[in-house]
Each structure stands twice: as C-alpha cells, then as structure tokens.
Amino acid sequence: MAKLEVNNIHTFYGNIEALKGVSLSVDEGEIVTLIGSNGAGKSTTLNTISGLYKPRQGEVSLEGERIDQLPAHTIVAKGISQAPEGRKIFARLTVKENLEMGAFIRTDGPEAIKRDIEHVYALFPRLREREWQIAGTLSGGEQQMLAIGRALMSKPRILLLDEPSMGLAPLLVDTIFDIIEEINKQGMTILLVEQNAQVALSIAHRGYVMQAGEIVLHDTAKNLRENEMVRRLYLGEEGL
C-alpha cells in the first residue's frame, strides 16, 4: 500500500477549479517530484494534502487512513509536515525558537526534542552557528534550511517540500538538494514540488508533470529526463 495516496481530488478557489481530478501516490522511502509551470497547481496540491485547503471531491489517504477532512494540525500529528513556498519562518523568533515551534505538537518530552534539534544542526551546521540569531535576519539560503529543519521537528513520516530552490544562488541550490538527498537516505519519504525540473529529476525516484490543474504525465525520473516534452518545456532544451 502506498504511504500517501491522492485520489481524484478537485480543489477550488471560490468558483475557480484549481485541481481537476489530481491523483498521485508516494511510497515509503521515495522522493517523488511534482513539476510544472507557475500556476499549474503544484502548491495547491501540497496545501490540499496538508489540510490547508479542503477538496470538494476526492480523497487523500495516509497509510490507508483518509485524512482530507481533518484539520491541518491533526494532519501534522498524523505524520505529514510541510516546508512551505516562501519559507514562512517566524521572522521575529530566533533560529532555535523556530525549531522548537516545529515541535509544538509533540508530546515526547524536552529531551527528545533537544536530540532532534541536534539532528537538525548536524544536517545544517550553519543553523547551529546562527542558533540565537533572529530568523528574519538570516540569508535566503539559511531561511530555507530553517524551514526544512522546522518541518523535520514534528517528526514526520512524509515531508512536503514546496519550491526549496526558489530565489537561491546555484551553489546554495546544490547544497540544499544534497541535504534533501541525505534526509531521504536516512529514511524520510519526500514529496517535492520544484520549479527547477532539472535538479528535481536528478534526485527523485519518480515524477509527475502538472499542467492547468491536471496530471498529464507520470514516470520514473530517468524516463522523464529523457521525455521529449519534458526536455522541451521544463528542461530548457530546444530543437527536439
């Protein structure tokens, strides 16, 4: 059974249908990427999975349990955590306080939370150096590290990443994606939305292509990298 199953979801903004029957799955241990142009519905898909939007039709299931009508904080407690587009860190809190906020729903005690903060610092040594710095004064790359670290602090079973490379210099993009790969190797299941299709398909196991609120293509990452449409529209290769 797939760890995460999205089945025929239709999500609306008022009368505007943003998702038109989206279906996808993420199996345990995978990195699955969702690629497409701006406005295709990628972020809406993640926000529907995480409970920020409720679909009018369709189902979202986690390990066979339907979750699409649950409040967002309950979905976090069930094991789905999101690092949102634009990071959305708590700008007036310190780095450490942001990480502690990521553990807000946990009930396993301060020692366990302290160990997991240390784990985040091991993944992102820059955050340890900035532990007491006000988060709003961090660089864009450091804020992205903090957003991912904060999402990890809820001890998710599935990590949703929304545009982690947005606004970052190429060297920082490589650093962030190296860490995403390392998180996956440590056992984390990841659903990745990413505008940079080249880098997303370089680390993913499988991928889905979205256009205008619909899934139009699904294949292994290797096959998508070799697909003529994907190469022309999303990988910037001309004359194919």
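## Contact between helices α3 and α6

In this predicted model, residues V95, N98, L99 and G102 of helix α3 make contact with L146, G149 and R150 of helix α6. By character, the residues of this contact comprise three nonpolar, three polar and one charged.

The two helices span residues 95-102 (α3) and residues 140-152 (α6), and their axes approach within 7 Å, crossing at roughly 35 degrees. The crossing of α3 past α6 is right-handed.

## Residue G140

Helix α6 also includes G140. With a relative accessible area of 31%, G140 is classed as partly exposed, because this value lies between the limits of 20% for buried and 50% for exposed residues.

Leaving aside residues up to four places away in sequence, G140 touches R87 and L168. A further relation links G140 to G167: the two residues are 27 residues apart along the chain, and their C-alpha atoms are separated by 7.3 Å.

## Domain arrangement

The chain is partitioned into domain 1, made up of 1-79 + 157-239, and domain 2, covering 86-155. A distance of 23 Å lies between the C-alpha centres of domain 1 and domain 2.

At the interface, 17 residues of domain 1 are in contact with 14 residues of domain 2. About 1,300 Å² of area is buried between domain 1 and domain 2, and carbon and sulfur atoms contribute 75% of this area.

How values were computed
Residues are numbered from 1 along each chain as its sequence is written. This is a predicted model: local features need pLDDT of at least 70, side-chain atom pairs count only at pLDDT 80 or more; totals for chains, interfaces and linings use all residues. Side-chain values use heavy atoms; hydrogens and water are left out. Axes are lines fitted to C-alpha atoms, for helices over the stretch in contact, and angles run from 0 to 180 degrees between N-to-C directions. Helices (H or I, at least four residues) and strands (E, at least two) are DSSP runs, numbered from the N terminus. A crossing is left-handed if the near helix is turned anticlockwise from the far one by less than a right angle, and right-handed if clockwise. Contact means heavy atoms within 4.5 Å. Ala, Val, Leu, Ile, Met, Phe, Trp, Tyr, Cys and Pro count as nonpolar, Asp, Glu, Lys and Arg as charged, and the others, Gly among them, as polar. Buried means under 20% relative accessible area, exposed over 50%, partly exposed in between (1.4 Å probe, protein chains only). Domain bounds come from an automatic or database domain assignment. Buried area is the accessible area (1.4 Å probe) that two parts lose on being put together, summed over both.
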